Amino acid sequence: MSQFNSPSIFSVSRLNQAVRTLLEQDLGQIWVSGEISNLSQPSSGHWYFTLKDDNAQVRCAMFRNSNRRVTFRPQHGQQVLVRASVTLYEPRGDYQLIAESMQPAGEGLLQQKFAQLKQRLADEGLFDPALKKPLPAPATCVGIVTSATGAALQDILHILKRRDPALPVVIYPTAVQGADATGQIVRMIALANKRAECDVLIVGRGGGSLEDLWCFNEEAVARAIVASSIPVVSAVGHETDVTIADFVADLRAPTPSAAAEVVSRNQQELVRQLTSQQQRLEMAMDYYIAQRQQRFSQLRHRLEQQHPQLRLARQQTRLLALRQRLSSALETRLKRGQLQQQRLNQRLQQQHPGMRIQRASATLQQASFRMTQAIRSQLGQTRERFGLAVTHLEAVSPLATLARGYSVTVTGKGEVVKAVTQIQAGETLTTRLKDGVVQSQVTAISPVKKGRQRVRKTSQD
């Protein structure tokens, strides 16, 4: 039992499960082309069929939710292109395809190539709107790159003739279908740029199948359109047809006829606009002339009512009145000036410098006299106060005391001796008398006892 549980030994179920996991994870969704056989469409809505080629076959299933999107009815023996997931039906050990989409083989391969090229060119930035060149407005010459015998050329020429007959057209004939079409289209675009005789190019053809239009999905044509210095209008097939040329062109027109309308001016519309502008101009001129005539009538009427002679007479009358007013004003102004001059002369006489000097001199003399009197009075009063002060000073002066027989004794330090305690034996004293100074030396000090005066013995110098 343990032998079957070994990792190197698979059961059938485990083996089928492992194989299914490997198929689904490693392969995922793939594109497979082949011939339908054994097609079964039961009432459940699912499709069961086999895809085969000359050497092999594989079972396929397409469930109802997926086959609803198929735009055609598959048949036995039909070549198809299927996008499917690879899986394994474990009960029988048969691997099979679970189809997600189905297309006729030829168209499906082309659609796949279209999608791949579109994505690659988009990644390179060839569809960037910044690369789009503006179309001339208006175009002076139109170049057409298409088949010289195709209906598309006739449609374009018919539209251009109807809309703008004077617009020059240059045709660059080329094949627009088949193996040689791609190279010829590229050469004609390059030739148009080299000759530089037109300022816009229409590149296109009429409608057809995807295979018929395929040359406009070629990378060489796309790069030739991008490299063109002349603006390119893509006009391929019908409105529902979309090609790589439409994405890289400077402008996509839904049909060749629409491209002709885009690059041309509508001559009838221009005539209509010109007629409308002419009518507006005529109306404006009529209105302007009517206004000028009305203005002229008004001026003439005013001129008749206000003739220059009448205006001149009124102005002369006004001039005389103004002259009289001017004379009167001058006389009045002169009289006022004379009166003002008289008043100023009187004021000048009243305020003459001589009279002012006389008045100032009299005032100065009076002030000098009053000052002298005041000084004398002040001096007398001062002398009287000084005499009284001297008398009082003499009464209290120490000199008067000395004159009465008293004296003043001072120590060597200049202190007046008032008590025996201020002096010491041997100290030199100075005595001030009425008529001189006496210096003496203290030989003894005797203080007075109980009311008796001290006896001081000194030796006189």
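Ala196 is exposed, with a relative accessible area of 55%. This is a predicted model, and Ala196 is one of several residues in it that merit a closer look.

**Backbone geometry**

Ala196 is not a glycine, yet its phi is positive, about 50°. Most residues other than glycine have a negative phi, and most peptide bonds are trans. Ala196 sits in the loop between H5 and strand E8 (200–205).

Asn38 also has a positive phi, of about 55°, although it is not a glycine. Asn38 lies in strand E1 (residues 29–40). Its relative accessibility is 55%, so Asn38 counts as exposed; the cut-off for exposed is over 50%.

| Residue | Phi | Place |
|---|---|---|
| Asn38 | about 55° | strand E1 (residues 29–40) |
| Ala196 | about 50° | loop between H5 and strand E8 (200–205) |

Where is the cis peptide bond? The bond from Ala137 to Pro138 is cis, with omega near 0°. Pro138 is placed in the loop between helix H3 (105–124) and strand E6 (142–146).

**Helix H5**

Helix H5 covers residues 181–195, which is 15 residues. From its first C-alpha to its last, H5 reaches 21 Å. That is close to the 21 Å expected at 1.5 Å a residue.

Which residues of H5 are buried? They are Ala181, Thr182, Ile185, Met188, Ile189, Ala192 and Asn193. These residues lie on the same side of H5, because they cover an arc of only 135° around the axis. Arg187 and Lys194 are on the other side of H5, and they are exposed.

**A nonpolar patch**

Leu281, Met285, Tyr288 and Ile289 make a nonpolar surface patch of about 400 Å². Among them, Tyr288 is placed in helix H9 (residues 267–305). Is Tyr288 buried or partly exposed? Tyr288 is partly exposed, with a relative accessible area of 46%. Residues in a patch need over 30% relative accessible area, so the 46% of Tyr288 meets that cut-off.

**The annotated domain**

UniProt, in an unreviewed entry, places the feature "domain: OB-fold nucleic acid binding" at residues 10–103. Over residues 10–103 the chain is 20% helix and 48% strand. The end C-alpha atoms of this stretch are 40 Å apart.

Definitions and conventions: Residues are numbered from 1 along each chain as its sequence is written. This is a predicted model: local features need pLDDT of at least 70, side-chain atom pairs count only at pLDDT 80 or more; totals for chains, interfaces and linings use all residues. Side-chain values use heavy atoms; hydrogens and water are left out. Patches are made of residues with over 30% relative accessible area and no salt bridge: like charges are joined within 9 Å, nonpolar side chains (Val, Leu, Ile, Met, Phe, Trp, Tyr) within 5 Å. Accessible areas come from the Shrake-Rupley method with a 1.4 Å probe; for residues, only the protein chains shown count as cover. A salt bridge is a side-chain nitrogen of Lys or Arg within 4 Å of a carboxyl oxygen of Asp or Glu. Helices (H or I, at least four residues) and strands (E, at least two) are DSSP runs, numbered from the N terminus. Buried means under 20% relative accessible area, exposed over 50%, partly exposed in between (1.4 Å probe, protein chains only). UniProt positions are given in the numbering used here, feature names are shortened, and annotations may be inferred rather than shown by experiment. The expected span of a helix is 1.5 Å times one less than its number of residues. The arc is that of the directions from the helix axis to the C-beta atoms.
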